[in-house]
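I opened this notebook to record what I looked up in one structure. The entries follow the order in which I consulted the model.

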Amino acid sequence: MVERNPFTFGSLACGDAFVDREDELRALTSDLRGGRDVLLLAPRRYGKSSLALRAVQEAAREGILVATCDLTRTPTKERFAAALAKTIDDDLASPPGQPRDRAAGLFRGLPVRPTIELDPDDGALSFSFRASHADGAIDGTIERLLELPGRIAAERERQVAILFDEFQEIVALDPRLPDLMRSVFQAQPDVAHVYVGSRRHARHAIFDDRDGALWRGARRMELGRLPHDTLAGHLRSRFAATARDADDEAVSRILEITDGHPYATQELAFFTWAHVPRGHAARAADVEAGLVDVLRAEHNNLARLWDAATRNERLVLLALRAGAQSLYAEETRERAGLPAPTFVQRAVTSLVREDVIEKGPDGRYRLAEPFLAEWLERKASTRLEGDA
């Protein structure tokens, strides 16, 4: 049998792969229990979706009706309506009755009636809404669908929680939708709404601007990097679970490279583990071998990022390659060859918006994109495999 790697990246962290966030998990579960709306915000690959999934699983065990809607899969309002219909029918509607008849009754009276199909293999229903309909009809349909969780909560006398993953996409779908959602959600005291977002500008546009549709409408929870000691314990326990060990030097080197970034730590540990035979301990040399594998795997992503960067953005990235910096300090600008502060600010604003760099607790900027520093270091001295 092929032994399974104990480290997970690229998918939701479940079970033993979920690391720490216990305080955030307790707080978020309490919010779901109390019907409180929450904005869960973090840069990409910080584990916000994994945390949200863990929270709704906890809530479901307590008898709360939970539903999720991934907005990355709803590029049109018709598909958004279809996703809402499916999650309402699958997760919130009362189960008795034939599936198709139950769904038909649940969605009777919608301005645009969904086409309902039954999978003969597993009995699952799928929903779709035609694109040809009267002006405003799909908006009215979405409004009615958004109202249904509140009605179901009242009818079933159960608390309901709905999670909207990658919520910033709602603005791209239709800038008016947040206003519609606010008008519906403020009348749903028994429904908790969790907005999971990646891009920081979405927070300002929707939640923080005084004129924003959901201004002061949700409690904010922002995820940061994980403590090194917590990650060190996780690394050792996962190696031990597969009859391996990791010496102090190896663990320290992993954390030196990833600096508490959840996804990056899992990814580097994944590739490091592959170099360690069963019954042996990971050493610093194994981490370096794993890092080479990581950089090969991430090369296309990092190369696209670099190629898309402007000249001033590249100068900022190179300045941060050696660690956190005060980018507007005269000494830093002279040493790194940065342009005038106005141009630095424009570059910084763009890179922060795309989660490529971030401001640390000390007020200095640092690279947020995992492994970019190591990639830039190798790019400066040699060509990675496939580098043009």
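**Entry 1: terms and ground rules.** I began by noting that a residue is buried when its relative accessible area is under 20%, exposed when over 50%, and partly exposed in between (1.4 Å probe, protein chains only). I noted that this is a predicted model, in which local features need pLDDT of at least 70 and side-chain atom pairs count only at pLDDT 80 or more, while totals for chains, interfaces and linings use all residues. Residues are numbered from 1 along each chain as its sequence is written, and side-chain values use heavy atoms, with hydrogens and water left out.

**Entry 2: helix H2.** I looked up which residues of H2 are buried, and found Lys-48, Ser-49, Ser-50, Leu-51, Ala-52, Ala-55, Val-56 and Ala-59. Helices (H or I, at least four residues) and strands (E, at least two) are DSSP runs, numbered from the N terminus. I then asked what covers the buried residues of H2. The cover includes helix H1 (22–34) and the strands E1 (38–41), E2 (65–70), E5 (160–165), E6 (191–197) and E7 (219–222).

I checked the length of H2 as well. The expected span of a helix is 1.5 Å times one less than its number of residues. H2 covers residues 48–61, so its 14 residues should span 20 Å, and the end C-alpha atoms are indeed 20 Å apart. After H2 comes Gly-63, with a positive phi near 95 degrees.

Within H2 I selected Arg-54. Is Arg-54 buried or exposed? It is partly exposed, because its relative accessible area is 23%. Its C-alpha atom lies 8.8 Å from that of Thr-29, although the two residues are 25 apart in sequence.

**Entry 3: the chain as a whole.** I recorded 16 helices and 11 strands for the chain. Its C-alpha atoms fill a box of roughly 65 × 55 × 40 Å along the principal axes. Of the 388 residues, 49% are buried. I noted that contact means heavy atoms within 4.5 Å. Among contacts with a separation of 6 or more, 72% join residues 24 or more positions apart.

**Entry 4: confidence.** The pLDDT is the predictor's confidence in each residue, from 0 to 100. The chain averages 88, and 91% of the residues score at least 70. Among the elements, helix H8 (residues 200–208) has the lowest mean pLDDT, 62, and strand E9 (residues 281–282) the highest, 97. Over residues 384–388 the pLDDT is below 50, and this stretch has nine contacts in the model beyond near neighbours in sequence.

**Entry 5: helices H5 and H7.** I looked up how H5 (residues 137–156) packs with H7 (residues 177–185): the angle is about 35 degrees and the axes are 10 Å apart. Here axes are lines fitted to C-alpha atoms, for helices over the stretch in contact, and angles run from 0 to 180 degrees between N-to-C directions. From H5, the contact is made by Asp-139, Ile-142, Glu-143, Leu-146 and Glu-147; from H7, by Leu-177, Leu-180, Met-181, Val-184 and Phe-185. By class, I found seven nonpolar, no polar and three charged residues in this contact. Ala, Val, Leu, Ile, Met, Phe, Trp, Tyr, Cys and Pro count as nonpolar, Asp, Glu, Lys and Arg as charged, and the others, Gly among them, as polar.

I then turned to Ala-153, also placed in H5. At 3% relative accessibility, Ala-153 counts as buried. Beyond residues up to four places away in sequence, Ala-153 touches Arg-158, Val-160, Asp-190 and Val-191. Its C-alpha atom is 8.3 Å from that of Leu-65, 88 residues away along the chain.

**Entry 6: residues in loops.** Glu-157 lies in the loop between H5 and E5. Though not a glycine, Glu-157 has a positive phi of about 50 degrees. Glu-157 counts as exposed because its relative accessibility is 72%.

Asp-355 lies in the loop between helix H15 (341–353) and strand E10 (357–359). Asp-355 is not a glycine either, and its phi is positive, about 60 degrees. With a relative accessible area of 6%, Asp-355 is buried.

Lastly I looked up Leu-71, in the loop between E2 and helix H3 (77–92). Which residues does Leu-71 contact, leaving aside neighbours within four places in sequence? They are Phe-80, Phe-164, Asp-165, Glu-166, Phe-167, Glu-169 and Ile-170. Leu-71 counts as buried at 4% relative accessibility.
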